[in-house]
Every structure is written in C-alpha cells, then in structure tokens.
Amino acid sequence: MFVIKCPECNSSHIVKNGMQNRKQRYLCNDCNRIFIYKRKISKLNVFKDWVFGKQTKKQLAEKYKKCEKTIDNYLKEVKESNFQIDLPSDMEIILAVDATYFNKKDGGIIVAIDEITGQVVYIKPIKQENKKTFQKMIDDLRRRNITIKACVSDGIKALRQVLSGIPHQLCQRHAMKRVRDILKRKTTDKAKKELLFINNQMTNCNSVQFRKMLDDWYEKYHHLLDEEILDKETLVFHKEKELNSAYNSLRCNLDLLFTFEQYDELPNTNNSMEGIFSHFKKYLKNHNGIRQKSREMFSYVYFSKFNAI
C-alpha cells in the first residue's frame with residue numbers, strides 16, 4: 001500500500017486538510033506542515049512495468065494518469081546505464097550459452113548462464129554467431145576471473161573451437177531433432193526407421209548402450225552407406241545422402257553427446273536456455289515494432305532479474 005509522507009519531516013502521520021484548486025491538501029500531525037502531495041513518477045518503474053507487467057503504452061497511460069505521448073517519452077528517456085546487469089565474478093561455472101534473433105536487420109542477443117546458480121554471466125547484442133563473437137565472450141569471462149568447468153550448447157562449431165580443451169556437452173535434444181529432420185519421421189525405409197529408433201533412445205540410455213546400438217546398426221546396414229543410387233532426373237549415381245548424413249551426425253558427435261556422464265552438474269540438454277528464451281519472447285511479443293535500442297534495454301531489464309539478490 002502506498003503511504004504519503006511529509007516533505008518536511010518525512011513523517012507518515014498525515015491527515016487530509018481540505019481542498020485547494022480542486023487538489024487535496026494534507027496536514028502533518030508532527031510538524032503541522034500543510035502541503036499538496038505531488039506523486040513523482042519514476043521513469044525506471046514505468047519501464048519495468050512496460051517489461052514485466054506486459055502493459056502497453058495505453059495501459060501505462062491510464063495507470064499513471066498521463067497521456068500516451070508522455071509515457072512514450074518516459075520510455076525513450078530511460079538510459080541504458082540504468083539497466084547494466086550486475087554480472088558475477090571470481091567463480092567456477094558450468095556454461096550454458098545460446099542466442100536468439102529479433103530479425104535479420106537488428107540481429108539478436110547472446111546470453112550465457114551458469115547452470116549451477118542460474119545467474120546470467122554474459123549478455124550482449126550480436127549480429128551473428130561466429131568465432132569472434134564467442135571469443136569476446138570468453139575474454140570477458142576471463143577478465144572477471146570466471147573459470148569454465150564445462151559447457152553445454154546446441155553444437156555451434158565456432159564455440160567448440162574457442163573453448164578448445166574444455167569439456168563440451170552437445171544438447172541431445174538438438175542432436176535428435178537434427179537426425180529426425182534429415183530422415184523424416186514417417187519414412188518407410190527399414191534402415192532409416194531403425195536408425196530413427198536408435199536416435200530416439202539417446203536420452204534413455206548411457207554412452208555404452210548407445211554406441212553398441214549404433215555399431216550393431218552399422219554392421220547390419222553399412223553396405224547401404226556405400227551403395228550408389230541412380231538419380232532418375234539427372235541420371236547421375238550418388239550415395240544415399242539422407243542415411244549417410246544422419247548416421248555421420250550421430251557417429252561424429254558421439255563423444256560430445258554423453259560428456260554429462262563425467263560431471264554431476266552438467267545437463268545433457270540446454271533446455272534451461274530454451275525455456276528462458278521462450279519466456280523472454282512471450283514478454284517481447286507484447287511490444288512489436290519497438291526500436292532496436294529499446295529492444296536491447298528490454299533485454300537487459302528482463303535478464304537482470306536472474307541476478308537479483
């Protein structure tokens with residue numbers, strides 16, 4: 001509940017004391033000061049209501065008894081320095097990193113969290129995910145004396161190159177989806193159906209069991225991987241692309257799919273990041289068409305809650 005306080009002595013022992021020009025007057029029982037209270041509006045609070053309250057400018061105008069233009073000015077006047085996230089330092093982390101994009105022109109943001117504490121350890125606007133982007137992130141973490149024990153991601157090669165020597169877990173959900181997309185779930189081919197079955201067992205077995213199933217499948221169908229098929233349209237012989245691509249995706253990433261077995265706190269997926277971004281986009285969806293700068297500040301405000309004490 002909001003409490004009116006005396007501007008003279010900051011006392012809350014206030015009573016109403018008539019009207020002046022249609023405005024309520026108040027009397028302080030402690031210092032006898034008579035005043036007309038004018039509530040100050042915090043532009044920072046308006047911005048936070050805009051982000052976390054999922055409120056439009058029209059709704060904020062009604063709440064704060066201001067016109068929409070004034071609310072719009074409040075949002076524009078809020079400075080980015082107000083929303084610098086208090087990033088942690090001097091700690092060991094299990095790094096989970098992912099990016100989400102707004103559009104091709106404005107790019108998106110890259111966010112890294114610690115799977116142990118759930119804190120955001122890095123956030124920056126980006127145009128694309130490449131080796132330079134990830135190198136900047138790692139350099140920033142090292143400046144803050146943050147040690148990366150292991151990492152989980154959706155399998156971007158550039159990130160693995162930058163984190164060379166650090167245990168890396170490839171998200172099993174992303175790996176499974178990649179194979180499903182290649183083979184098509186409704187396939188009637190026996191070899192593809194069996195490889196799909198093995199792929200879907202990834203999260204239900206350990207590395208030894210999964211490797212054995214994949215080896216058994218290869219022993220049974222390896223001749224299909226080398227077999228050349230005649231393309232009726234181009235009249236050119238080529239190998240079975242889908243089967244080779246799906247098998248190689250599993251075989252080449254096998255060592256990265258079960259890294260989590262060696263570390264208690266390392267998850268086998270980056271579902272935590274996917275869930276965070278999904279929730280973030282639901283909030284952002286209420287404000288379509290906002291400027292790039294406002295979108296970036298929106299991101300800083302949203303992710304600042306993960307580091308709130």
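This passage describes a sheet with its packed helices, and then a pair of helices, in a predicted model.

The sheet is open and consists of five strands in the order β6-β5-β4-β7-β8, with mixed pairing. Its edges are formed by β6 (120-126) and β8 (168-170), each of which pairs on one side only. From one strand to the next, the twist averages 25°. At the β8 edge, strand β7 (residues 146-153) pairs with β8 in the parallel sense over three bridges. In this pairing, V152 stands opposite Q169 in β8.

Two helices that pack on the sheet are α4 (residues 131-143) and α11 (residues 271-284). Helix α4 touches β4 (91-103), β5 (107-114), β6 and β7, and its direction makes about 145° with that of β6. Helix α11 touches β4 and β5, and the direction of α11 makes about 40° with that of β4.

A further helix pair is formed by α8 (residues 207-226) and α9 (residues 241-252), whose axes come within 12 Å and cross at roughly 150°. Angles over 145 degrees count as roughly antiparallel, so α8 is roughly antiparallel to α9. The crossing of these two helices, α8 and α9, is left-handed. On the α8 side, the contact involves F210, R211, L214, D215, W217, Y218, L224 and L225. These residues meet L243, N244, Y247, L250 and R251 in α9. By class, the contact of α8 with α9 comprises nine nonpolar, one polar and three charged residues. The charged residues are R211 and D215 in α8 and R251 in α9, while the polar residue is N244 in α9.

How values were computed. Residues are numbered from 1 along each chain as its sequence is written. This is a predicted model: local features need pLDDT of at least 70, side-chain atom pairs count only at pLDDT 80 or more; totals for chains, interfaces and linings use all residues. Side-chain values use heavy atoms; hydrogens and water are left out. Two strands pair if DSSP finds at least two bridges between them. Helices (H or I, at least four residues) and strands (E, at least two) are DSSP runs, numbered from the N terminus. Axes are lines fitted to C-alpha atoms, for helices over the stretch in contact, and angles run from 0 to 180 degrees between N-to-C directions. Contact means heavy atoms within 4.5 Å. Angles under 35 degrees count as roughly parallel, over 145 as roughly antiparallel, 65 to 115 as roughly perpendicular and the rest as oblique. A crossing is left-handed if the near helix is turned anticlockwise from the far one by less than a right angle, and right-handed if clockwise.
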